Amino acid sequence: MKLSYIFKSMMLIALMCVPFALTSCEEEVVSGPNVYKMGITQVGFSANDLSFLSEMKTIEETYMNALGISSKNFQMEGKTDDCDNKIIEACKKAEEKLKEMKFKGSYDLYVTRISVNNETEIYSYKIEGIKPTTVSFGYTNVETEDMLEYCNIVLEYSDGKDTTSYIVTDTTWSITFEKQQLPCTHIFKKYYTLKEDKDMASIDSVSYSRNGYHYVSFVHDEKGEIVYIYENKSLDSIKEKGSLVAEKIPTGFFNTVNHFTFSRTGTLTTIIK
């Protein structure tokens with residue numbers, strides 16, 4: 001009789017535990033909403049280059065479009081495993097689109113599922129930035145016939161270490177540097193003085209370019225492929241009375257300094273004045 005009573009008691013306790021066991025299981029594979037968070041961190045980028053902001057925006061928008069969400073914090077209804085798999089599948093599609101793009105910086109993107117006690121990472125992807133190594137740089141100085149006739153023009157070039165001077169005698173003067181190692185610097189300074197045997201002040205009209213130049217540069221990665229192209233020019237021609245131009249030359253009005261700096265990441269910074 002005593003054994004029968006003990007057996008019945010054990011059965012009752014077992015039956016009471018079943019609902020709790022089922023509830024605990026359902027908490028592991030729940031039917032939504034499941035809460036998720038997408039995040040991105042930037043690594044290995046030049047501190048002075050803010051273009052990583054636009055790159056991060058592009059990456060985030062690519063993933064958000066693939067996921068069909070409007071916020072990096074989002075929810076999804078359904079069983080947890082099903083929701084996780086849907087998110088991973090959408091993220092893989094975003095990956096394929098990003099592989100067609102080039103980024104200057106490197107980024108780590110992740111998606112985590114948020115629960116009461118912790119966060120579980122369900123997806124991560126590392127985006128490797130391009131690695132520029134060299135730059136080819138070409139620079140052309142531009143003058144007018146009038147300024148060449150009435151002025152002595154001296155151009156100084158510096159690579160940050162050595163300085164070389166040139167006497168400008170043609171309307172265009174060019175120099176090219178092939179595949180220099182990054183980082184590197186190019187500085188062009190130009191000085192004007194009036195020729196003693198010429199009378200510019202007596203001329204009705206003098207044509208000049210305030211700062212005539214044209215530069216183009218090609219940044220290459222370690223494979224020699226072009227990853228960035230920078231180009232700009234200033235070729236405007238202005239006409240003024242000779243006496244006015246002659247008065248400006250001794251003041252240094254036409255003297256210029258064009259400064260080009262390529263960082264380790266291939267970013268070009270220019271100072272034109």
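This is a short dialogue on reading some features of a predicted model.

Q: How are two packed helices described?
A: Two packed helices are described by the angle between their axes and by the distance between those axes. Here, take helix 2 (residues 52-67) and helix 3 (residues 80-98). They pack at an angle of about 135°. Their axes are 8 Å apart.

Q: Which word describes helix 2 relative to helix 3 at that angle?
A: The angle makes helix 2 oblique to helix 3. Angles over 145 degrees would count as roughly antiparallel.

Q: Is the crossing of helix 2 and helix 3 right-handed or left-handed?
A: Helix 2 passes helix 3 in a right-handed crossing.

Q: Now the sheets. What is the strand order in the open sheet of four strands?
A: The order is 2-1-3-4, and the pairing is antiparallel.

Q: Which strands stand at the edges there?
A: Strand 2 (73-76) and strand 4 do. Each has a single partner strand, so one side of each has no neighbour in the sheet.

Q: How far are neighbouring strands of this four-stranded sheet turned against each other on average?
A: By 25°, with direction ignored.

Q: How many bridges join strand 3 to strand 4?
A: Eight bridges join them. Strand 3 covers residues 106-114, strand 4 covers residues 119-127, and the two run antiparallel. They form a hairpin, with four residues between them.

Q: Which residues of strand 4 face isoleucine 114 and threonine 112?
A: Start beside the turn of the hairpin. The bridge partner of isoleucine 114 is glutamate 119. Further on, threonine 112 stands opposite glutamate 121.

Q: Strand 4 also helps to line a pocket. How many residues does strand 4 give to the lining of the second largest pocket?
A: Strand 4 gives three residues, the most to that lining. The lining includes Tyr125, Lys126 and Ile127. Leu98, Met101 and Phe103 are also among the lining residues.

Q: How much space lies in the second largest pocket, and which classes of residue line it?
A: The space is about 160 Å³. The lining has six nonpolar, one polar and four charged residues.

Q: What is the order of the five strands in the other open sheet?
A: The order is 7-6-9-14-15, again with antiparallel pairing. Strand 7 (163-167) and strand 15 (268-272) are the edge strands, each pairing on one side only. Neighbouring strands of this sheet are turned by 15° against each other on average, direction ignored.

Q: How many bridges join strand 6 to strand 7?
A: Five bridges join strand 6 (residues 151-158) to strand 7, and the two run antiparallel. In strand 7, isoleucine 167 is the bridge partner of valine 154. Threonine 163 is the bridge partner of serine 158.

Q: What is the phi of glycine 160, in the hairpin of strand 6 and strand 7?
A: Glycine 160 takes a positive phi near 95°. That hairpin has four residues between its strands.

Q: What is the usual sign of phi in other residues, and what is the usual form of a peptide bond?
A: Most residues other than glycine have a negative phi, and most peptide bonds are trans. Look at lysine 179 in strand 8. Its phi is positive, near 40°.

Q: Is the peptide bond from leucine 182 to proline 183 cis or trans?
A: The bond is cis, with omega near -5°. Proline 183 sits in the loop between strand 8 (172-181) and strand 9 (184-194).

Notes
Residues are numbered from 1 along each chain as its sequence is written. This is a predicted model: local features need pLDDT of at least 70, side-chain atom pairs count only at pLDDT 80 or more; totals for chains, interfaces and linings use all residues. Side-chain values use heavy atoms; hydrogens and water are left out. Two strands pair if DSSP finds at least two bridges between them. On a 1 Å grid over the protein atoms alone, a cavity is a set of points where a 1.4 Å probe fits but cannot get out, and a pocket is an open set with protein on both sides within 12 Å along at least five of seven lines; lining residues have an atom within 4 Å of a point. Grid points are joined across faces, edges and corners, and a volume is the space filled by probe spheres set on the points. Ala, Val, Leu, Ile, Met, Phe, Trp, Tyr, Cys and Pro count as nonpolar, Asp, Glu, Lys and Arg as charged, and the others, Gly among them, as polar. Axes are lines fitted to C-alpha atoms, for helices over the stretch in contact, and angles run from 0 to 180 degrees between N-to-C directions. Angles under 35 degrees count as roughly parallel, over 145 as roughly antiparallel, 65 to 115 as roughly perpendicular and the rest as oblique. A crossing is left-handed if the near helix is turned anticlockwise from the far one by less than a right angle, and right-handed if clockwise.
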